[in-house]
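Visitor: I am new to this structure and would like a close look at a single part of it. Please choose one element, walk me slowly along it, and then tell me what lies around it.

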Amino acid sequence: MFATDGRVPIDNNAVENAIRPLALGRKNWLFVGSPQAGRRAAVLMTLIESAKLCEVDPWAYLKDVLTKLPTWPNSRLGELLPHNWANTNPPALST
């Protein structure tokens, strides 16, 4: 395809760079400690990546959500998901 269409890249470096953290972490995650610790790590990584997809600063998101979580009602947990959180917490203006 790249031979007939100059817009198509000849390599897939962008894709390889995007999955590199997963490939590098795979051996480290093998010894995460326990199955429960593995599930916790997976949840945190999922929240971080979801925040990035929603164009939310993961640090600000986790800091706010983990602060609110102890007193937050279970019936409203969906409001703390990254896509809902982004709608109620506009990004801070950079100065």
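Guide: What follows is a close look at helix α3, and then at its surroundings. This is a predicted model, in which local features need pLDDT of at least 70 and side-chain atom pairs count only at pLDDT 80 or more, while totals for chains, interfaces and linings use all residues. Residues are numbered from 1 along each chain as its sequence is written, and side-chain values use heavy atoms, with hydrogens and water left out.

Helix α3 covers residues 58-68; helices here are DSSP runs of H or I with at least four residues, strands are E runs with at least two, and both are numbered from the N terminus. A residue is called buried when its relative accessible area is under 20%, exposed when that area is over 50%, and partly exposed in between, using a 1.4 Å probe and the protein chains only. In helix α3 the buried residues are P58, Y61, L62 and V65. Looking down the axis of α3, one finds these buried residues within an arc of 90°, so they line one face of the helix; the arc is taken from the directions that run from the helix axis to the C-beta atoms. An α-helix has 3.6 residues a turn, so residues three or four places apart point the same way. On the other side of α3, W59, K63 and T67 are exposed. As for what the buried face meets, the buried residues of α3 pack against α2 (35-53) and α4 (82-88).

It helps to take three residues of this helix one by one. P58 lies in helix α3 and is buried, with a relative accessible area of 19%. Leaving aside neighbours within four places in sequence, P58 is in contact (heavy atoms within 4.5 Å) with I48, A51 and K52. The C-alpha atoms of P58 and L47 are 8.0 Å apart, although 11 residues separate the two along the chain. W59, also found in helix α3, counts as exposed at 65% relative accessibility. Between W59 and I48 the C-alpha to C-alpha distance is 8.3 Å, with their positions 11 residues apart in sequence. A60 is likewise part of helix α3, and at 32% relative accessibility A60 counts as partly exposed. The C-alpha atom of A60 is 10.0 Å from that of N89, 29 residues away along the chain.

Helix α3 also holds a salt bridge, a term that stands for a side-chain nitrogen of Lys or Arg within 4 Å of a carboxyl oxygen of Asp or Glu. The side chains of D64 and K68 meet in this way, at 3.1 Å from N to O. D64 and K68 are four residues apart in helix α3, so about one helical turn separates them. Both are partly exposed, D64 with a relative accessible area of 21% and K68 at 26%.

The search of the whole structure finds three salt bridges. Another of them joins K52 to E49, with the closest N and O atoms 3.2 Å apart; both residues lie in helix α2, three residues apart, about one turn of the helix. K52, which is also in contact with P58, counts as partly exposed at 46% relative accessibility, and E49 is partly exposed as well, with a relative accessible area of 43%. There is also a salt bridge between R76 and E79, whose closest N and O atoms are 2.9 Å apart. R76 is partly exposed, with a relative accessible area of 35%, and E79 counts as partly exposed at 37% relative accessibility.

Between α2 and α3 runs a loop, and E55 is found there. The phi angle of E55 is near 60°, a positive value in a residue other than glycine. At 74% relative accessibility, E55 counts as exposed.

Finally, a UniProt record gives this part of the chain a label: in an unreviewed entry, the feature "domain: Transposase IS66 C-terminal" is placed at residues 46-83. Positions from UniProt follow the numbering used here, feature names are shortened, and annotations may be inferred rather than shown by experiment. Over residues 46-83 the chain is 55% helix and 0% strand, and the end C-alpha atoms are 13 Å apart.
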